[in-house]
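These are my notebook entries on a structure I looked through. I began with the overall layout, and then turned to the open spaces and to a few chosen residues.

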Amino acid sequence: MQLLNKKILIGVSGSIAAYKIAHLIRLLVKEKAEVKVVMTASASNFITPLTLSTLSNRPVDIEFVKNNQGEWTNHVEWGLWADCIVLAPATANTIAKIAHGLSNNLLTAIVLSARCPVMIAPAMDLDMIAHPSTQNNFKILKSYGYQFIATNFGELASGLVGDGRMAEPEEILLYIKSNFKKSQRFSGKNILITAGPTQEAIDPVRFISNYSTGKMGYAIAKAAAEEGANVTLVSGPVAITIEHPNIKLIKVNSAQQMYETSMSYFIHSDVAILSAAVADYRPQFVASEKIKKKDADFTLLLEKTPDIALELGKIKNDKQTLVGFALETNNELENAQLKLQNKKLDFIVLNSMKDEGAGFAKDTNKITILDKEGNIFPFEVKDKEEVARDIIEKIYFRIENKS
Ligand code: C5P
């Protein structure tokens, strides 16, 4: 299921080959991709929007303005939504418009707003495709990084035989899949990741916890899984979900449960990434009944929780890589360096609460990586998914140099 949750926008323009898009959508939906169809007005003469919306489980958009009721389709939003845009069939006219920046219909406006890869499956008559003007437009689009899914030679709608038949849906599917095929640099590697907060019970209705949302750890799990790693994600209670065939999610509540689970999986792990915000203290006694309110002040006696990173550092062998996190509010580098040494980490990812764009509930993070050799690598503010890929990249080079 290589296309699981991948967002694919199909742009259909007016060619008889449009009827084949119904089949392409079925293939994509079978692969669990999310499909959105946008058509040009002339495409709707060849296949009905109803057919394509039924198959893609989403409304099909054609015009900028819906139902003439003042509601509009935000082309910028759809351009940014897509993980990849597939123009199929792409007519000479639509290709020419995009090559020259014309955005007088919704489809071309979306393409001009997109940042994702754009794949073009042309469909046209043999003379149209051979025309220097069309060939020139192909060249222009290729120079922008647009990819072309080659046309086939065969019988054309005009009755002529030659080049210009749109690639078959199965061929287009393969092309889309190869676009998403990430390098599988971690295939065969076991990676243990801790994420989220822990909850330390006070009584049956109360607990001690922190603001961690698990976003960073989950993004790392996803990045590692996409590179082929077998990920065991030991997560405290969070509101987010994750689904990937390479990720085994184990939910825990307390630091003790996270510790025990992590210890048992660490033995078989090549890498452990400890991004959880584990509570450092827990109530020494957990009341079996709800603690009643009294007039006097109330003192809660706390004891230390196990330090998972520290314990894993003690038993780690030379082949294993141990990565910790440090969230600091002052003396950031110094504190992170101390943790790196005390917990016998290979490297530590420092987040400073002083940095704009870093912190628990944010979608962005700003990190500095410190390794045990004394190197310091500062990074820019990035969204957490990109930060996750930076961390995975550093781990990859470390593993490579060890083996
Ligand atoms: O000492 P401090 O809690 O700041 O260290 C942070 C690092 O140690 C993080 O990687 C965190 O996941 C890990 N840690 C742990 N178990 C604890 C406390 C922290 O694994 N009890």
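**Entry 1: domains and overall build.** I looked up the domain assignment of the protein chain and found domain 1 (7-183) and domain 2 (186-286 + 297-402), and I kept in mind throughout that this is a predicted model. The C-alpha centres of domain 1 and domain 2 lie 42 Å apart, while the C-alpha trace of the protein chain spans about 85 × 55 × 35 Å along its principal axes. For secondary structure I noted 13 helices and 23 strands in the protein chain. Of the 403 residues in the protein chain, buried residues make up 48%. I also looked at how far along the sequence the contacts reach: among contacts in the protein chain with a separation of 6 or more, 66% are between residues 24 or more positions apart.

**Entry 2: the largest pocket.** Which residues lie nearest the centre of the largest pocket? I found that they are Lys-6, Asp-83, Lys-222, Glu-226 and Glu-385, out of 41 residues that line the largest pocket. The elements that give two or more residues to this lining are α3 (75-81), α8 (169-180), α9 (215-226) and α13 (384-402), and α9 gives the most, with 6 residues. The volume of the largest pocket comes to about 1400 Å³. I then checked its position against the domain bounds, and the lining draws at least three residues from each of domain 1 and domain 2. Sorted by class, the lining of the largest pocket has 17 charged, 16 nonpolar and 8 polar residues.

**Entry 3: the cavity.** My search for enclosed space gave 1 cavity of 30 Å³ or more, and about 40 Å³ of space lies in the largest cavity. The lining of the largest cavity consists of Ala-219, Lys-222, Ala-223, Glu-226, Glu-385, Ala-388 and Arg-389. Two or more of these residues come from each of α9 and α13, with α9 providing the largest share, 4 residues. By class I recorded 4 charged and 3 nonpolar residues in this lining, and no polar ones. Comparing this with my previous entry, I saw that Lys-222, Glu-226 and Glu-385 line the largest cavity and are also among the residues that lie nearest the centre of the largest pocket.

**Entry 4: the second largest pocket.** The second largest pocket has a volume of about 910 Å³, and of the 37 residues that line it, Ala-276, Ala-277, Val-278, Phe-325 and Leu-327 are the closest to its centre. At least two lining residues are supplied by each of β10 (190-195), α9, α11 (308-315), β18 (321-328) and β19 (347-352). Which element supplies the largest share of this lining? That turned out to be β18, with 4 residues. The class count for the lining of the second largest pocket is 17 nonpolar, 13 polar and 7 charged residues.

**Entry 5: the buried face of α11.** Having met α11 in the lining of the second largest pocket, I went back to see which of its residues are buried, and these are Ile-308, Ala-309, Leu-312 and Gly-313. They sit on the same side of α11, because they cover an arc of only 130° around the axis. The general rule is that an α-helix has 3.6 residues a turn, so residues three or four places apart point the same way. Among the elements that cover the buried residues of α11 are β10, α10 (255-266), β15 (271-274) and β18.

**Entry 6: Ile-95.** I next looked at Ile-95, which is found in helix α4 (residues 92-99). Is Ile-95 buried or exposed? Its relative accessible area is 1%, so Ile-95 is buried. Not counting residues up to four places away in sequence, Ile-95 touches Ala-90, Ile-120, Pro-122, Met-124, Asn-137, Phe-138, Leu-141 and Phe-148. From Ile-95 to Ala-121, 26 residues apart in sequence, I noted 10.0 Å from C-alpha to C-alpha.

**Entry 7: Asn-105.** Lastly I looked up Asn-105, which is found in the loop between α4 and α5 (106-113). Asn-105 counts as buried because its relative accessibility is 14%, and the cut-off for buried is under 20%. With residues up to four places away in sequence left out, Asn-105 touches Thr-40, Phe-64 and Lys-97. The C-alpha atoms of Asn-105 and Ala-41 are separated by 8.5 Å, although these residues are 64 residues apart along the chain.

Conventions: Residues are numbered from 1 along each chain as its sequence is written. This is a predicted model: local features need pLDDT of at least 70, side-chain atom pairs count only at pLDDT 80 or more; totals for chains, interfaces and linings use all residues. Side-chain values use heavy atoms; hydrogens and water are left out. On a 1 Å grid over the protein atoms alone, a cavity is a set of points where a 1.4 Å probe fits but cannot get out, and a pocket is an open set with protein on both sides within 12 Å along at least five of seven lines; lining residues have an atom within 4 Å of a point. Grid points are joined across faces, edges and corners, and a volume is the space filled by probe spheres set on the points. Ala, Val, Leu, Ile, Met, Phe, Trp, Tyr, Cys and Pro count as nonpolar, Asp, Glu, Lys and Arg as charged, and the others, Gly among them, as polar. Domain bounds come from an automatic or database domain assignment. Buried means under 20% relative accessible area, exposed over 50%, partly exposed in between (1.4 Å probe, protein chains only). The arc is that of the directions from the helix axis to the C-beta atoms. Contact means heavy atoms within 4.5 Å.
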